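Got the viewer open? Let's take a short walk through the model, one selection at a time.

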Amino acid sequence: MRAPPDDAPRFEALFGRPPRVHARAPGRVNLIGEHTDYNGGFVLPMAIPQQTEVVLAPREDRKVRAFSANLGAQGQVDEYELGQERRGRGWLDYVQGVTHVLRGEGHAIGGFDLWLRSDVPVGSGLSSSAALEVALLRGLREAFGLALDDVRLALLGQKVECDFVGAPVGVMDQMASSLAGGGAALFLDTRGLRYERVPLPAGVEPIVINSGVTHSHAGGDYRVRRAECERAAGLLGVAQLRDLSEQELPRALTLPEPLGRRVRHVLTENARVLDTVRALRAEDLAVLGPLLYASHASQRDDYEVSVPEIDLLVDLARAEPDVLGARLTGGGFGGSVVMLARAGKGAAVAARIAARYTERSAHKATVLVPEPQQGL
Ligand code: GLA
């Protein structure tokens, strides 16, 4: 964990008074369980070291003044009045969405001055937006004494996306940002929100490499996949795909194309999450890798959310004997790949894969986990 940066002087220089609250929240990487959350299924995300930090102080009036050190236009303080939130202002939409949703749910907040910074890369499939929502909600919880537990806080973050930003996401990212940490994966049943922390075995370490191909879930493809699942569930007579057992797969495969394949991905992916949790607990490393590769193939062929650059990263991982398995992580259509490697080998392997990728593609790969050493 990096040392907390001293952002107070910067806040003070900008707003002419000291800050009252400092809060932060991490981005996440999903180990396995993709596009299962909005189908009522299982997910297994982890927090990553990259995070969003907010520094803030309440105001006497209803104004929000917000400054981002590294998102959007540099050096500009944006502002709005509580109750006057309007979509379409870039990163400020997440701030506006948080105040809009909090007030809509009856939480009493006043205006505030806000300074924020994030090192979770935007559009990388690592939930920069959930990190921003959860960090700000934590900051406002403390500043205004809001009665919110960590699950409720995550649900409010999801509501910001769905109701204000217009991205019809599931609950995984905000739950991970709010509840994951300490090097353990968060095994979450998105129906009922029961969760358990599952540590990684000592013999493995995660790798996360950003492909440099960015995505946005407010756009079309994510929405289309979600609608396909809802249509398939309706045709099969269940409320959510979670309600189907694997024995019902042959019936699902009689649905019009591509619905059967979408269902097959969701059913088999839910089973892979359960198998992965068992393998992690049993420290059965031989089982882990094939589960990750199978998840990738299912996302690529049945769910069709991969892109050639992501497939290239997975293929490069396959050529490395110290990588156990690799797969596309997050919503897809670009973003990042997660791998599990033998402990102690991650940094060297990731650097090699990133260099080969950058040679062979039009994009530059960035290793996010393990965090590159300062000065290298
Ligand atoms: C995005 C969404 C999540 C989840 C993943 C796919 O990250 O925000 O809710 O649906 O895609 O697993």
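Start by colouring two blocks: the centres of domain 1 and domain 2, taken over C-alpha atoms, are separated by 25 Å. Domain 1 covers 9–196 and domain 2 covers 200–369, with bounds from an automatic or database domain assignment. Their contact (heavy atoms within 4.5 Å) takes 37 residues from domain 1 and 46 residues from domain 2.

A quick word on what you're looking at: this is a predicted model, where local features need pLDDT of at least 70 and side-chain atom pairs pLDDT 80 or more, while totals for chains, interfaces and linings use all residues. Numbering runs from 1 along each chain as its sequence is written, and side-chain values use heavy atoms, leaving out hydrogens and water.

Now select the ligand. Both domains give residues to the shell around the ligand, so it lies between them. Show everything with a heavy atom within 4 Å and you get 13 surrounding residues, the closest being Glu-34, His-35, Asp-37, Asp-173 and Tyr-222.

Next, turn on polar contacts (pairs of N or O atoms within 3.5 Å). Which ones should you look for? A ligand oxygen is 2.6 Å from a side-chain N or O atom of Asp-173. A polar backbone atom of His-35 is 2.7 Å from a ligand oxygen, and at Gly-331 a polar backbone atom is 3.4 Å from one. Finally, switch on a surface: the protein covers 98% of the 310 Å² of accessible area that the ligand has on its own (Shrake-Rupley method, 1.4 Å probe).

Notes: A polar contact is a pair of N or O atoms within 3.5 Å; within protein, one must be able to donate a hydrogen and the other to accept it, and residues adjacent in sequence count only if both atoms are side-chain atoms.
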